[in-house]
Every structure is written in C-alpha cells, then in structure tokens.
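Today I am opening a structure that is new to me and keeping short notes as I go. Come along and look with me.

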Amino acid sequence: MDQHWDVIVIGSGIGGLVTATQLAAKGAKVLVLESYIIPGGSSGYFATEGYRFDVGASMIFGFGKEGTTNLLTRALKAVNVELETIPDPVQIHYHLPNELDIKVQRDYDSFIEQLTQRFPAEQQGIKRFYDECWKVFNCLNSIDLLSLEEYRYLMRVFFQRPLSCLGLLKYLPVNAGDIARRHIKDPELLKFIDIECYCWSVAKADWTPMINAGMVFSDRHYGGINYPKGGVGKIAEKLAEGLEKLGSQICYKSKVSQILIENGKAIGVEIIGGQQYYAKKIVSNATRWDTFGKLLPQENLPAKERKWQKRYQLSPSFLNLHLGVRSSVIPADCECHHILLEDWSKMEQEQGTIFVSIPTLLDPSLAPEGFHIVHTFTPSWMDNWQDLPPKEYEEKKEDAANNLIERLEKIFPGLEQGLDYQQVGTPRTHRRFLGRQSGTYGPVAHYKLPGLLTMPFNRTSIENLYCVGDSTFPGQGLNAVAFSGFACSHRIAVDLGL
Ligand SMILES: Cc1cc2nc3c(=O)[nH]c(=O)nc-3n(C[C@H](O)[C@H](O)[C@H](O)COP(=O)(O)OP(=O)(O)OC[C@H]3O[C@@H](n4cnc5c(N)ncnc54)[C@H](O)[C@@H]3O)c2cc1C
C-alpha cells in the first residue's frame, strides 16, 4: 500500500468519513485508518443471533430532502451512494414525572397543540420559544454549512444571505435556557425544555447552545427523523463504499499510535506494529482528549487545548442494554424512541434518565421474525466501573441491567418475561470499542459558557493537523459531526488548493 497520501484521516466515525469522502470527491487521495473492524464508531453496529443492533445513535437527523441542513443526504450524494430511509412519525415519547406524557410528533402543529393542552396558561410562551428556534433553523437552512474558519466563504455567505448571517450571529453566544426563560414561566414546562435539551446535549437548557437547540427542535419537524433501512451502520458502510469507489482507501484494524511531527508540523502517523504513513494533512476523528492526550506527546499540550480542557469536561458515558424481546411485549402502535424519568432531580444523575430505542418498529428486518430490538441506555460514569475485579464487574452489570429492566416494566409491562437476548455494555465497553476517553459521549461545558462561541473549529495549534467530530464545532450527534466534516474538508480543500 502507498505510504504517501494527500490526507490521512484517523478514525471512521461519521465526522471522519464525511471529511474523507468530501475531499475524495474533490480529487484528493485519502487514507482512512480505523482501529476497529468496521466503520462508524458510535454509529456502528454489531450483529448476533439474528439481531443487528445499533451501538449508539438511532434517532437520525440530516436525512431531509430540502434545504442545506440535510447533511447526511448531501454527504452520501457527494460520493454517488444512496440509502433508503424510513420516516419516523414521532421523534420521542416522553414519560416524565407527574404523568407528563408528551409525544413529539413530526407534525409541528400537533406537537405544539399537545404541549399547549398540558400547559394552557403558557400557550403564548410555548409558541414564542419554539418559533425562536425556527428563526435559528431557517437562517441555518438557507446557507451552505461550511468552514467558519474560511474568510472568503464567510464573505460570500454574508453577501448572499446577510439577514441569515446576522440572525445566526445574534444566537451564537446564547443558550437555549436563556431564551426559554424569556418566554416561559411555568417551572414544570421549563423542566420539560431542560429534558428536551438534555436528551441530545446531556446538559440542561441553560448550558445548551441555542444554535444546536434551534437546529434539533425545528429539523425534527422539517426534514424529520428518518431511520436508515438496514440499520444505522449502513450510513458509514455506504460512505466507506463511496470513498473507495473514488480511489481512496480505508484500512481497518489499523490503530494509530502516534501522530508524527517534524519541525512542529504534522507529517504523518504511525500505526500499532510500526508502519508509518505520510500526508500533507492529518485529520483526527478521535476525541480531542484522545488526540492530544494519546496520539501526541502530552508535555507539549498546546495552550489552546489546555484552555479548551478547562472549559469543557467529559460528559458521562452510558450503561447500555441491547435486548431481543418477544414482539408481544411491544404494542404495535408503540413509538420507536422513548425517554423515561421518574424524578426531575435525578435527570442528570448516574442512571437517572433512561433512553429507549426500538428500531424494529420501523425496520423489522433487524431482528428474527416475532422479535423486537430494544436498545436502552442511561448515563453512567467510568468512575463507577473502573478497577473492578472481573467477578464484581459482572455482578454489577447484572444488577444494573435488572434495575433498568424493572424500571422499564412501567412502560413495557412483561419486558422481563419476554426477553430472548441480553447484552450489557458499560463505559468500559464504550472506551474499548469506540476508542473514546472514559467512553464519553462528548464534551459538555464545565461551567456556563456563551453558547457555541467557545467550541473549537477544525484547525489545531499544530500546523497540518485538524480535528473533526463531536469535540469540534458544533458538537454531538450524527448531523452535527457531519457538519464538522463538511467544515473540515472545506478548510483542508482550500489549504490544499483543491
Ligand atoms: C449510546 C449513544 C446513543 C446516541 N444516540 C444518538 C442519536 O440517537 N442520534 C444522534 O444523532 N447521535 C447519537 N449519538 C451521538 C453520535 O453517535 C455521536 O455524536 C457521533 O457518532 C460521533 O461521531 P464522531 O465522528 O465524532 O466519532 P466516533 O463515532 O467516536 O468515531 C471515531 C472513530 O475513530 C476511531 N478511532 C479512535 N481513535 C483511533 C485511533 N487511534 N486509530 C484509529 N482509529 C481510531 C474509532 O474506532 C471510531 O470508529 C449517540 C451516542 C451514543 C454513544
């Protein structure tokens, strides 16, 4: 295999793959090095006993047909591959304290009507808050989403869409909670806005950037939530296929052990086993903690990264249960995604909020006939699982799984009786298979920050080294890391003169 490339991408998460495919489509010769046996990272899958489980993401934004925010649709199209998707009529069915039972329908007016019925005194506030989210979304959805580090692009977009740009500038330093409290007074409704944010940003509304909230709270009604036929892992498989068709390459079981630096510039990488590869530009799709903590000498941590690590901390990882259950347990009219929380004070605590995804309601081919997949997960920190002897670790996993199933019996009576398959994953599993520091879901603010203003872009303090993925602007989620991939590839294409 060639040792010299235009660009090397470390990792084949969606952030890495979008960067690689965009650059390959522009004519660059790209090598992707992935430590695992398949592409996708947190959007990968595993298959066993007739089930095909998504390891992480399953509520997928970015597959819309119109506008500019449908970044997954656009990423696949750029390398001439297609993926059939199945529209999900409800984003989430919330089961919250005080019998607060809300379904976020794809149809915006139905959702607003439902929320208003529960909080009639807040009719105006509800409308004003979600309308303000639409303002953000409409600005985003009218411009090409590329690198904010590229001056000529910024000028072009500004002259093409001055009002959209000014609109976005206004919201860039603002958090969703600030806007929510401007319009809404009811404490229970404010808590609902908190969990609306928490379920994808793992932070309360006060700490969740308004740009991200505007995107999520509107796109679910615009492009909608759409599940890839064949499972979420298909997205990465298709991108990898498109990449290779263009003559670039992806190598699995190729864990990068260090980024090679010469005269302060990144010049290549070394993989475990000692093989070295060289490129004009190196992109890391590992988290910033892994990139600067493991792939580069720590004693030279750039001041910019030190500052970032003070502002952002590791969000929790998850305790995951991948279950195969008899179809009789899941009602036919059940929604695909659920969130269960019994006590508001536990929302952000260890194993407080429970997330559930039943993708076989949309694509039955992912399980044997007569069975469903129930993927359920709840936030959990590495500290609770670290350094346990094997027997204690297994017992703790078993206890935690039983506890989750018992709590879920409230919304799925008979779940335990209907179990056919069970696999428990912990933060240790995420660290091992996804290569993420402490198995983290991504960065969360250490203290209240001004919206997205402090989130780093793709360039780093080391010349020719770029970062992409959820620890770069604009954060976690498949469509967000796709945005980061579009931005990263755009910046590199300009730097390479492509
Ligand atoms: C349980 C769970 C549920 C989620 N649910 C959703 C959801 O419903 N919707 C949604 O949009 N998002 C969801 N997310 C978030 C989403 O999956 C992530 O934000 C996104 O996939 C991160 O993509 P990434 O490109 O940043 O990196 P990753 O997916 O982390 O990929 C990085 C890749 O780099 C590889 N790598 C790392 N280090 C090296 C190295 N040294 N050498 C070679 N390869 C390396 C890894 O093996 C991995 O394949 C969920 C995440 C989890 C964990």
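Is the crossing of helix 4 and helix 7 left-handed or right-handed? I looked it up, and the crossing of helix 4 and helix 7 is right-handed (clockwise turn of the near helix from the far one, by less than a right angle; anticlockwise would be left-handed). On the helix 4 side I found Gly125, Arg128, Phe129 and Glu132 in the contact, and on the helix 7 side Ile179, Ala180 and His183 (contact: C-beta atoms, placed from the backbone, within 7 Å). Sorted by class, I get three nonpolar, two polar and two charged residues there (nonpolar: Ala, Val, Leu, Ile, Met, Phe, Trp, Tyr, Cys and Pro; charged: Asp, Glu, Lys and Arg; polar: the others, Gly among them).

A note on the source: this is a predicted model, where local features need pLDDT of at least 70, side-chain atom pairs count only at pLDDT 80 or more, and totals for chains, interfaces and linings use all residues. Residues are numbered from 1 along each chain as its sequence is written.

Next I turned to helix 1 (residues 14-25) and helix 10 (residues 233-245) (helices: DSSP runs of H or I, at least four residues, numbered from the N terminus). Their axes lie 9 Å apart at an angle of about 25° (axes: lines fitted to C-alpha atoms over the stretch in contact; angles: 0 to 180 degrees between N-to-C directions). I therefore note helix 1 and helix 10 as roughly parallel (angles under 35 degrees). Helix 1 passes helix 10 in a left-handed crossing.

Methods: Helices (H or I, at least four residues) and strands (E, at least two) are DSSP runs, numbered from the N terminus. Two residues are in contact if their C-beta atoms, placed from the backbone, lie within 7 Å. Angles under 35 degrees count as roughly parallel, over 145 as roughly antiparallel, 65 to 115 as roughly perpendicular and the rest as oblique.
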